[in-house]
Amino acid sequence: MNKVTLEVIGMSCGHCVNAVESNVGALNGVEMVKVNLAEGLVDVEFNPERVTLEQIKETIDDQGYEVKGERAHV
């Protein structure tokens, strides 16, 4: 299981949180997704054999937000 924190630009309200959490959470292989709206961060725990980090980033981008950076957890 991989864990990553994504820095996301453009999230500003509860709808943004729901859009990111529900769409990323629906990806096959994503075990957990949690948005910190105040910090502009999205924590994701995922199985890299089932979903790639790029697919997760594309899903966030498709919702109208920009992934600015990432912090991997060791």
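Okay, let's start in the sheet: strand β1 and strand β4, which covers residues 66-72, pair in the antiparallel sense over 6 bridges. If you want one pair to click on, take Thr5, whose bridge partner in β4 is Arg71. Before I go on, keep in mind that this is a predicted model.

β1 itself is residues 2-9, and it has another neighbour, strand β3, residues 41-46. Those two also run antiparallel, again joined by 6 bridges. The pair to look at here is Leu6 with its bridge partner Val42 in β3.

Now carry on from β3 to strand β2, residues 30-36. These two are antiparallel as well, and 6 bridges join them. Val30 has Phe46 as its bridge partner in β3. β2 and β3 make a hairpin, with 4 residues between the strands. Have a look at Gly40 in that turn, since its phi is positive, about 70°.

So what is the whole layout? In the protein chain we have 2 helices and 4 strands, and starting from the N terminus the order is β-α-β-β-α-β. The radius of gyration comes out at 11 Å, close to the 11 Å that the globule rule gives for 74 residues, so the chain is as compact as a globular protein of that length. If you like boxes, the C-alpha atoms fill one of roughly 30 × 25 × 15 Å along the principal axes.

A word on contacts across the chain. Take the contacts between residues at least 6 apart in sequence: 64% of them join residues at least 24 apart. I'll show you some examples of residues that are distant in sequence, and the helices are a good place to find them.

Let's go to helix α2, residues 53-62. Leu53 is in this helix. Leaving out neighbours within four places in sequence, Leu53 is in contact with Val4, Leu6, Phe46 and Glu70. Remember Leu6 from the β1 and β3 pairing, where Val42 was its partner. Leu6 and Leu53 are 47 residues apart along the chain, and their C-alpha atoms are separated by 10.0 Å.

Next in α2 comes Lys57. Here's one for the room: is Lys57 buried or exposed? Lys57 is buried, because its relative accessible area is 19% and the cut-off for buried is under 20%. Setting aside residues up to four places away in sequence, Lys57 touches Leu6, Val67 and Glu70. Leu6 and Glu70 were also on the contact list of Leu53.

Then Ile60, also in α2. This one is buried with a relative accessible area of 0%. What does Ile60 contact, if we ignore neighbours within four places in sequence? The list is Leu6, Val8, Val20, Val24, Tyr65 and Val67. There is a long sequence gap to mention here too: Ile60 and Glu21 are 39 residues apart in sequence, with 9.2 Å between them in space, C-alpha to C-alpha.

And α2 also holds Asp62. Asp62 is exposed, at a relative accessible area of 61%, whereas Ile60 is buried. From Asp62 to Asn23 there are 39 residues in sequence and 9.4 Å in space, again C-alpha to C-alpha.

Over to the other helix, α1, residues 14-25, where we find Ala19. Ala19 is buried, with a relative accessible area of 9%. Not counting residues up to four places away in sequence, Ala19 touches Gln63 and Tyr65. Tyr65 is a residue we just met, as one of the contacts of Ile60. As for Gln63, that residue is 44 away from Ala19 in sequence, yet their C-alpha atoms are 6.8 Å apart.

Last stop, the chain as a whole. Of the 74 residues, 38% are buried. The exposed area is about 4,400 Å², and carbon and sulfur atoms supply 43% of that. On charge, we have 6 positive and 13 negative, and their mean positions are 5 Å apart.

If you take one residue back to your desk, make it Leu6. In β3, Val42 is its bridge partner, and over in α2 Leu6 is among the contacts of Leu53, Lys57 and Ile60. Okay, that's me done, over to you.

Definitions and conventions
Residues are numbered from 1 along each chain as its sequence is written. This is a predicted model: local features need pLDDT of at least 70, side-chain atom pairs count only at pLDDT 80 or more; totals for chains, interfaces and linings use all residues. Side-chain values use heavy atoms; hydrogens and water are left out. The radius of gyration is taken over C-alpha atoms; the globule rule is 2.2 Å times the number of residues to the power 0.38. Buried means under 20% relative accessible area, exposed over 50%, partly exposed in between (1.4 Å probe, protein chains only). Contact means heavy atoms within 4.5 Å. Accessible areas come from the Shrake-Rupley method with a 1.4 Å probe; for residues, only the protein chains shown count as cover. Lys and Arg count as positive and Asp and Glu as negative; His and the chain ends are not counted. The place of a charge is taken as NZ of Lys, CZ of Arg, CG of Asp or CD of Glu. Two strands pair if DSSP finds at least two bridges between them.
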